[in-house]
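Let's take a walk through this assembly, looking at how the chains meet and how the metals are held.

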4 protein chains.
Amino acid sequence: MRADYSRVRAATELLVAGLPGEDLVVQSMPDASPAKWHLAHTTWFFETFVLGPAQADYRPFHPAFASLYNSYYESVGPQFARPRRGLLSRPTLAEVAQYRAHVDAAMAALLARGGPPWLGERVRLGLEHEQQHQELILMDLAHLFAQNPLQPALRADAAAPSSREAPPLRWCPGPTGVREVGHAGDGFHFDNEGPRHQTLLRPYAFASRCTTNGEYAEFVADGGYRRSALWLSDGWALAQAEGWTAPLYWYMSEGTAYEMTLGGPRPLDPHAPVVHVSHYEADAFARWAGARLPTEFEWEAMAEGVAVAGNFVESGRLHPTAADPPPPGRAAPTQLFGDVWEWTASAYLPYPGYRPPEGALGEYNGKFMSNQMVLRGGSCASPRDHLRASYRNFFPPRARWPFTGIRLTKDA
Amino acid sequence: MRADYSRVRAATELLVAGLPGEDLVVQSMPDASPAKWHLAHTTWFFETFVLGPAQADYRPFHPAFASLYNSYYESVGPQFARPRRGLLSRPTLAEVAQYRAHVDAAMAALLARGGPPWLGERVRLGLEHEQQHQELILMDLAHLFAQNPLQPALRADAAAPSSREAPPLRWCPGPTGVREVGHAGDGFHFDNEGPRHQTLLRPYAFASRCTTNGEYAEFVADGGYRRSALWLSDGWALAQAEGWTAPLYWYMSEGTAYEMTLGGPRPLDPHAPVVHVSHYEADAFARWAGARLPTEFEWEAMAEGVAVAGNFVESGRLHPTAADPPPPGRAAPTQLFGDVWEWTASAYLPYPGYRPPEGALGEYNGKFMSNQMVLRGGSCASPRDHLRASYRNFFPPRARWPFTGIRLTKDA
Amino acid sequence: MRADYSRVRAATELLVAGLPGEDLVVQSMPDASPAKWHLAHTTWFFETFVLGPAQADYRPFHPAFASLYNSYYESVGPQFARPRRGLLSRPTLAEVAQYRAHVDAAMAALLARGGPPWLGERVRLGLEHEQQHQELILMDLAHLFAQNPLQPALRADAAAPSSREAPPLRWCPGPTGVREVGHAGDGFHFDNEGPRHQTLLRPYAFASRCTTNGEYAEFVADGGYRRSALWLSDGWALAQAEGWTAPLYWYMSEGTAYEMTLGGPRPLDPHAPVVHVSHYEADAFARWAGARLPTEFEWEAMAEGVAVAGNFVESGRLHPTAADPPPPGRAAPTQLFGDVWEWTASAYLPYPGYRPPEGALGEYNGKFMSNQMVLRGGSCASPRDHLRASYRNFFPPRARWPFTGIRLTKDA
Amino acid sequence: MRADYSRVRAATELLVAGLPGEDLVVQSMPDASPAKWHLAHTTWFFETFVLGPAQADYRPFHPAFASLYNSYYESVGPQFARPRRGLLSRPTLAEVAQYRAHVDAAMAALLARGGPPWLGERVRLGLEHEQQHQELILMDLAHLFAQNPLQPALRADAAAPSSREAPPLRWCPGPTGVREVGHAGDGFHFDNEGPRHQTLLRPYAFASRCTTNGEYAEFVADGGYRRSALWLSDGWALAQAEGWTAPLYWYMSEGTAYEMTLGGPRPLDPHAPVVHVSHYEADAFARWAGARLPTEFEWEAMAEGVAVAGNFVESGRLHPTAADPPPPGRAAPTQLFGDVWEWTASAYLPYPGYRPPEGALGEYNGKFMSNQMVLRGGSCASPRDHLRASYRNFFPPRARWPFTGIRLTKDA
Ligand SMILES: [Fe+3]
Ligand SMILES: [Fe+3]
Ligand SMILES: [Fe+3]
Ligand SMILES: [Fe+3]
């Protein structure tokens, strides 16, 4: 656990190492947060949910941080307003670094001497939480850079052009009948992944890989953004109001299609998975393609027992890339994990019998089960060991700035 | 069919007969429409989807109405902007009456001489559509009157004080296992009620009646609107932003609790079902009560085979009233139909294998399957013969102006 | 005074006589009010400021009207929110007519038996107030009708096409040096027209008539709405945000330029004064024309001693028309009164030594002396006997729905 | 000129020297800009208006800066949207420093070898422009710090508590009759200060010093923020909507009144001038005090011939302080320059005969002559040699974040 703690905390800092401090201070929209805030909030999490409860004489680093870095835990106390996080020029980055060091030292001491019985489980939760924020840091930086006419890159070698070709799309039959879904076993999982329960699957065929930029470009060229009949009503209204004509970071320059990436502007790779589409776009594309999005349980059934392998944050690529060739022999989908989070047709709702944990941590997942859709699989910005087949990510259907993509499915 | 046509059309007009014209012109919020608009739009529906297609030489009553009274059918053409419907002082009520008469005459002639094979089914759809707008007229008038310090009534005898007492709440066991849900048989139903399909039900207990004002008042008194831990995050944010402290039409006057009704202000009846609560409030109340909302299939399983009886628009009460005493003997829920629409825990999503109809009428239901929750049962403002066990009503979780109430459920 | 009272009150009602009630109920924007509201508010003015103070036993017609029809008098009490005036379907038009009759009867009795010394002056204020609202009724109806695709007319014969030609523009020299301005004499005037005081005029030349549609069309054709250099910064921002390309009610149809008028759509008359332009447009036009707008005192100096004659509401035309030929001999401007209110270069500020009246009527004019510009002269919708050379009308520079036009001036 | 250039440019940098970079990146509201933006924009001014026109082969530092750092010059080209300036994490502070160095080197070379005849005048304009932005940097930082619960200070010794007492208020008679106002002589002045022209002054009495916190606190205690009768209508509406109860940076803590300053939180000094009030508050206070605000010409007449002395940015205090004792003998006002900008009763409008300069610099002042009020005198954040008696500052009446205060005046 001590090694895990050090490793995960260091990984967060490594993401932004070498960036000019200016990039870590700015909030590009109310949904995003400055990287500096993420660095502090993840630290606050350990202070609030581990050090404070475990250690009677723990002295918080700064009394104001209880509120400044509380994201949304009403039962912990007031929260500095989310859309105003970017106004906090202070504490400085140096002070946030001191905050991290202070908490890391206290955590090291606590882990060395041991603590209450819940300590291990709670620290693990803190580390999984920090991994979630690692991905948020990357999403939020990508959004920030995309606002800037200078088109900065996080890393010059990210999203490097590739000559990989996407394999042809095939349809893989899914399992049917009554199936168990939800997390099984003793490993770490979030409360929202359980209870494990039965569900009923009807015959379906699952796309062998994610939808590519090339496929999505056909939808665009075929008037996909101009044909209301393809869209959910809310999606059409939003697309009109905001003038959508392509995924969030696509743009044309002198007749060539580009997309902004964490490596800066890149010519659009037709073989790479389309990324930064809303649920509305994913749904419209699927309708245009004569298919649909999978339910979260159809997805989970395909992923059960599949090793978590693919293009994750560890590759340093920080952008989706063309799928591997399919395994020889049977029709099994690839690219389930990594590259892009895959929008499902399932609203984010509690599983039967779900109860949030007691106390403030009950606010972690449960209270967001409204107006959101489930995504599965993980992305090129997710840590590999953070993912599993039962993992439920969620965003409102309008969200485009996460690394979101499309997996088609059909009734069989 | 001709009799049905006359009956339903007349019922619409009867709803507003005797009201001063002023009440029919005003739009009280973007979600509501003037009654005059409803009168015209339901007529447009027959013109657009029956008379035009069935009769090559049909002359529309007025060329501008195609757009003025198109609600949301993008494939039919442009729509006069919904939030601006209240700006249309013209056409006048008299002209709208002429419009109705013109279309009614053409419909009478068409029904008399017969038409294409789809005629009967399409007319039936138009009548069911008109019945939906009958309820909307009542909802929208109630909202309009509630904005007015003069507290007008639609009918002096509506929502008359009652001495009925609600029976004690009991818990009725629901059926379990794999069940068929969705519309069965040949009768009329909307596309979103099918296909009929199997679902898996876990053991549950269903409240014997709807939640009463008295029960809800306990929640209010217990700080229900001040305790964030009871609320979904989106609901809490909305309740704070809009300063909710009670259901939409409750208010205090000189120490007494009242609610605005279509009969004007009435002292709050503790035995009547609570009405005009959002999904967020229903969900928070259920959590406070140690229960939850039923899924739409749990609800449907309880209602299957139950006769559609209760307090509907035909009673003229136009307000929910205390539930009937339970049937002797077995534990069966009452008040399933009528009184209040019952919020479920189910997002409004397509059933497995659902496909919207071809053409513009495919926009009727399908494109709204996003960001809404399913309600079941019908209300005191619904026509009785418009309802059935498989009927799926839907509203965004923030909606309070429909006749919405609460049915509790528990895991068994 | 009794005759004046009857005449003015009847004139208000005559404006809307024959209109369908629907037109009198709707509020087309927050700045406008329903005609029904104007009918009641002008009545409230007599009740509040004459009957109540003059008659100890006066019983208000309805207790709720004190607030419902209070426009902006904070010291009288709370006000029903202005942008929500259109939600008041009740009181009905019939009830408002009763309200008017009730107050008229009480006023008749009071005027017959006499009252306190201030009675005459206060009644006169009430009548001038009512005349202001007569013009507001016409402005607000014109705005309402312009929102409607059916393009209704207030009167079929309003704004009838005319073959009058505007005389060529000439420049009339203005008086210079120290001059007295502000109201003089014993006649009625508003508080904001005084105190009479000295001002210093520099040599200037005043356009002999108002700017015509033809002249304004040249500005439009010369890119007037696309050249930022011609505009004040706030005006440019607003014009871009709202997509202005011409005066408020101009539009093109099949290659012909039209404008919406109170007589319905009319081909644009190049000889008639341009109307429904904001201060920003008037200012930009003047800059384009190598001229400027006059100060309010330059305007007043030209109008002093000029008879109040022109195209007023009494003509029934309800739209500006081409100026009369100039008087033979000396260079004197025409069209000073009537046709269009003329934007000046003067901010609406208090005259030296100005003090608002004591009491609630001190709120009539004084508190609006901020963020507004002065207009002079009166329009085709103003009653003739309501106007005079010292009259100061005022609107925010963005306002376009009054009958506003342009008078050019130059340094001499 | 070369020395001036170096001195002014260095003064800008000195303002933020020692601040953590984080403070220079953030934009706290749409009206404010990040200090980094100010540093670059003032440099862009020299590049655009001096180096480019003077030197045919001048190579701009970066092609994107033409748009990124254009504030509002439409005729120069597009402008990066003002409310989004805070999104520009790049260019970094280091790059902006390079930009400044690049332009400073080019300017030094140009000034050494000489240039076109307009060079001196244009460079002077650039330096005066930079001085304006020096004050903006301080205003914007004060606003930023005031948003932060940590209450940072720009300098620990700013706004140090003082034991100076304000002298009693006396009324100083002003000159009357026809007077010359506007800039006279050959010295630098902005276009909006001319042409010099005659105006007519009526007898008035001018407060001997600015209104103090102590005096303003009496207004607050007397219900100043709750009595609508004291306020202009727009001001009252804004104060209600935003919940104003005191000047912008006042707050109570444990029963003591404080204000946020550039030295951090300070107990309110009753002898120091009140600062950070809007025109609306200044006007309401004056009405409460039985006085009024001076016109800009009344102010200028009192200041003519008075030496520019007082509490300016050079003092390092960065906050207003109690006025000096009055000069012995005659009644002459003190504190005219420095401490706080003094709201006048004059709308910001062009002087008679005013014409903006040709070309893009015509946009500097002229296009803002709408919806703003004139302020006179300069503040504790203004450079002393930037001010003069004819200087016209201007802000919308709602502005509170500049160093704005109150000078009372009375009719004599
Ligand atoms: Fe978090
Ligand atoms: Fe409809
Ligand atoms: Fe009025
Ligand atoms: Fe500037």
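What follows covers two interfaces of chain A and then two iron sites. Bear in mind throughout that this is a predicted model.

**Chain A against chain D**

Start with the contact between chain A and chain D, to which each chain brings 31 residues. About 2,300 Å² is buried between chain A and chain D, and carbon and sulfur atoms give 63% of that area. On the chain A side, the residues that lose the most area to chain D are A:Glu22, A:Arg90 and A:Leu150, which together make up 29% of what that side buries.

How many salt bridges cross the interface of chain A and chain D? The rule finds two. In a salt bridge between A:Asp23 and D:Arg90, the side chains come to 2.6 Å, N to O. Polar contacts across the interface of chain A and chain D come to 10 residue pairs, with both residues at pLDDT 80 or more. As for secondary structure, helix H4 (93-113) and helix H5 (119-146) of chain A are the elements that give two or more residues to the side touching chain D. Sorted by class, that side of chain A holds 18 nonpolar, eight polar and five charged residues.

**Chain A against chain B**

Now turn to the contact of chain A with chain B, which takes 27 residues from chain A and 27 residues from chain B. The buried area between chain A and chain B is about 2,100 Å², with 55% of it from carbon and sulfur atoms. The rule finds zero salt bridges across the interface of chain A and chain B, while polar contacts there number 10 residue pairs (both at pLDDT 80 or more).

Which elements of chain A give two or more residues to the side that touches chain B? They are strand E3 (197-201), helix H7 (233-242) and strand E8 (341-347) of chain A. E3(A) supplies the largest share of that side, four residues. The class breakdown for the side of chain A that touches chain B is 13 nonpolar, nine polar and five charged residues.

Here are the two interfaces laid out in a table.

| Interface | Residues in contact | Buried area | Carbon and sulfur share | Salt bridges |
|---|---|---|---|---|
| chain A and chain D | 31 residues from chain A, 31 residues from chain D | about 2,300 Å² | 63% | two salt bridges |
| chain A and chain B | 27 residues from chain A, 27 residues from chain B | about 2,100 Å² | 55% | zero salt bridges |

**The iron sites in chains C and D**

On to the metals. For the iron ion (ligand 3), the protein donors are the NE2 atoms of C:His41, C:His129 and C:His133, lying 2.2 Å from the ion. Along the chain, the donors of ligand 3 follow the spacing H-x87-H-x3-H. C:His129 and C:His133 sit in helix H5 (residues 119-146) of chain C, four residues apart, or about one turn of the helix. Both C:His129 and C:His133 are buried.

For the iron ion (ligand 4), the protein donors are D:His41, D:His129 and D:His133, each through NE2, lying 2.2 Å from the ion. The spacing of the ligand 4 donors is H-x87-H-x3-H. Helix H5 (residues 119-146) of chain D carries D:His129 and D:His133, about one turn of the helix apart, at four residues.

Why does D:His129 count as buried? Its relative accessibility is 3%, and the cut-off for buried is under 20%. D:His133 is buried too, because its relative accessible area is 8%.

Terms used. Residues numbered from 1 in each chain as written. Chains lettered and ligands numbered in written order. Predicted model: local features only at pLDDT ≥ 70, side-chain atom pairs only at ≥ 80, totals over all residues. Heavy atoms only, no water. Contact = heavy atoms within 4.5 Å. Buried area = accessible area lost by both parts, 1.4 Å probe. Salt bridge = Lys/Arg side-chain N within 4 Å of Asp/Glu carboxyl O. Polar contact = N/O pair within 3.5 Å; in protein donor to acceptor, adjacent residues only side chain to side chain. Nonpolar A, V, L, I, M, F, W, Y, C, P; charged D, E, K, R; others polar. Donors = N, O, S within 2.8 Å, 3.2 Å for Na, K, Ca; no water. Buried < 20%, exposed > 50% of the residue type's maximum accessible area, 1.4 Å probe, protein only.
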